[in-house]
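Here's a walk through the fold, one stop at a time. Keep the viewer open and follow along.

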Amino acid sequence: MKPRTKLQKEVDNASKLLPPISKSQEQYAYKHCLDHIAKKTSKSFICLDCGHEWSVKDMPVSSKKKTCICPKCKVKLEIQATRKQKFEQNNYYGVITRCGKYQVVRLFMVRQYIHLGRNYNSKRITEVVQRWITPNGDIITRARLRLCSIIYNDIWNYCSPLEIRAREIYAYGVEPSHFYPRAKYIPEVLRNGFSGNFYNKHPVDFLSMILKDSMAETLLKAGQVSLLQYYINEKEQVREFWGAIKICMRNNYIVKFATMWIDYLQLLAYFGKDLHNAKYVCPVNLQIEHDRLVKKKNEIELKNERYSKALKYNRAYKKEKKRFFDIHFKDGIIDIVVIKSIEEFIHEGTIMKHCVFSNEYYKKKDSLLLSARIDNYPIETIEVSLSKLQILQARGKCNQLSEYHSRILKLVNSNMHKIRKKLTA
């Protein structure tokens, strides 16, 4: 669209100063964003990078081996025994740079098309999106037109120009598989404590956040990494306890487990403790203090008939989360199911000795609580954000990580589409 505001016109003019992608940046993209394949037939190998063909007899490879080295271009190749003649790959690639006073994240589509029968091998890299970030954290998007359907969401109109576009995250929030390692940053980004780590957040969102949000900037500069990662998804809860966080920073106390620490502060508030007292908010052993208060709260609420009151919420919880109840992930050892009732929350909290029940997680409308089990016995409890479709936390017994933690995260993330499907049904 035609630039309308003063800022859009400045970005549009500045974009003319951006240099084309360099040779080294292009070579890095081809090396890291494309799969390097050796097509194996009964008699020979064919390198799809350089087209070199050599006999199987010249390089015997066992049936179990999955890789080999091309004798000509010396590239490590993945062996694929296939009859295919056509190979096509698409992947996203990013370059982080600066242009004048702006931080720029440039996003490219890397494509390769090979037709062995016609001896055709084409590699192309095309810039599809530019995200311009001002020193104040505002974002302006320049991009080509993109077809944004549910199925074909990576089809770009390469003939369309890079123009100012409305900031639609779904359309232009491209997630590259790799970024060029040599990045350039504006002084404001470095001033605000950035050291090269995006903490699993998209660079555009992270850089904009630390430029625009003073709390995120403060947490980053103070080295409160766990709280910063928690703040990305749970801004309101961090703001609620900002006074306590400042006490921690004043006493050089680093919060290592933000989720547990926030739960601990909620327990302190429940017992009427002073959240501006370093004695309480900077515990020597967070685990022990957290578990002590959870146990104490559970005992009190048992006397106050908290359980019977919670059970009255059962009907509302089931009505709200019923559509997710048939979700079931498994990988042969681990079964992951949705916690379906308040009774199950009580059971989960009692066995795991954490606060999934005592802190009323069943009342969180944006959260879906899952239980990872082996032989129907809980080993970890997982909280998933329904709005972001991200794992907020996964905790085992006494809030420790189980030996299956990485496997559980991988299993949930690989099946996140099932939760998305239920949301959109």
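E348 and R373 are both buried, where buried means under 20% relative accessible area, exposed means over 50%, and partly exposed covers what's in between (1.4 Å probe, protein chains only). These two side chains form a salt bridge, with their closest N and O atoms 3.9 Å apart. To count as a salt bridge here, a side-chain nitrogen of Lys or Arg has to sit within 4 Å of a carboxyl oxygen of Asp or Glu. The pair ties together distant parts of the chain: E348 belongs to helix α15 (residues 342-352) and R373 to strand β16 (residues 367-374), 25 residues apart. Helices (H or I, at least four residues) and strands (E, at least two) are DSSP runs, numbered from the N terminus.

Before going further, keep in mind that this is a predicted model: local features need a pLDDT of at least 70, side-chain atom pairs count only at pLDDT 80 or more, and totals for chains, interfaces and linings use all residues. Residues are numbered from 1 along each chain as its sequence is written, and side-chain values use heavy atoms, with hydrogens and water left out.

Back to the charged pairs. By the salt-bridge rule, the count comes to 17. One of them joins E163 to R165, with 3.6 Å between the closest N and O atoms. Are the two partners buried or exposed? E163 counts as partly exposed because its relative accessibility is 30%, whereas R165, at a relative accessible area of 12%, is buried. Another salt bridge brings the side chains of K363 and E360 together at 3.7 Å, N to O. K363 is partly exposed, with a relative accessible area of 39%, and E360 also counts as partly exposed, at 25% relative accessibility. Elsewhere, D213, E236 and R239 are linked in a network of salt bridges.

Now find the open sheet. Six strands make it up, in the order β12-β9-β8-β7-β6-β13, and the pairing is mixed. Why is one side of β12 (163-165) and of β13 (178-179) left without a neighbour in the sheet? Both stand at the edges and each has a single partner strand, so there is nothing in the sheet on the other side. Two strands are said to pair if DSSP finds at least two bridges between them. β13 pairs with β6 (residues 86-99) in the parallel sense over two bridges, and G94 stands opposite F179 of β13.

Next, step from β6 to β7. These two run antiparallel and are joined by 14 bridges; one bridge partner to look for is H115 in β7, which is matched with K86. The hairpin they form has two residues between the strands, and G100 takes a positive phi near 65° there. From β7 you can carry on to β8, again antiparallel, this time over 13 bridges. Here Q112 has K123 in β8 as its bridge partner. The β7-β8 hairpin has four residues between its strands, with N119 in the turn at a positive phi of about 55°. As for how covered β7 is, 13 of its 14 residues are buried.

Two helices lie across this sheet. Helix α2 (residues 23-33) lies across β6, β7 (102-115), β8 (120-133) and β13, and runs at about 135° to β6. Helix α5 (residues 203-212) lies across β6, β7, β8, β9 (139-143) and β13, at about 20° to β8. Those angles run from 0 to 180 degrees between N-to-C directions, using axes fitted to C-alpha atoms, for helices over the stretch in contact; contact means heavy atoms within 4.5 Å.

Finally, look for empty space. Rolling a probe the size of a water molecule over the atoms shows where it is left. A cavity is a set of points, on a 1 Å grid over the protein atoms alone, where a 1.4 Å probe fits but cannot get out, and lining residues have an atom within 4 Å of a point. Grid points are joined across faces, edges and corners, and the volume is the space filled by probe spheres set on the points. The count comes to one cavity of 30 Å³ or more, and the largest cavity holds about 110 Å³ of space. Its lining includes D263, H354, Y361, E383 and R395. β17 (377-385) and β18 (390-395) each supply at least two lining residues, and β17 gives the most, with three.

Methods:
On a 1 Å grid over the protein atoms alone, a cavity is a set of points where a 1.4 Å probe fits but cannot get out, and a pocket is an open set with protein on both sides within 12 Å along at least five of seven lines; lining residues have an atom within 4 Å of a point.
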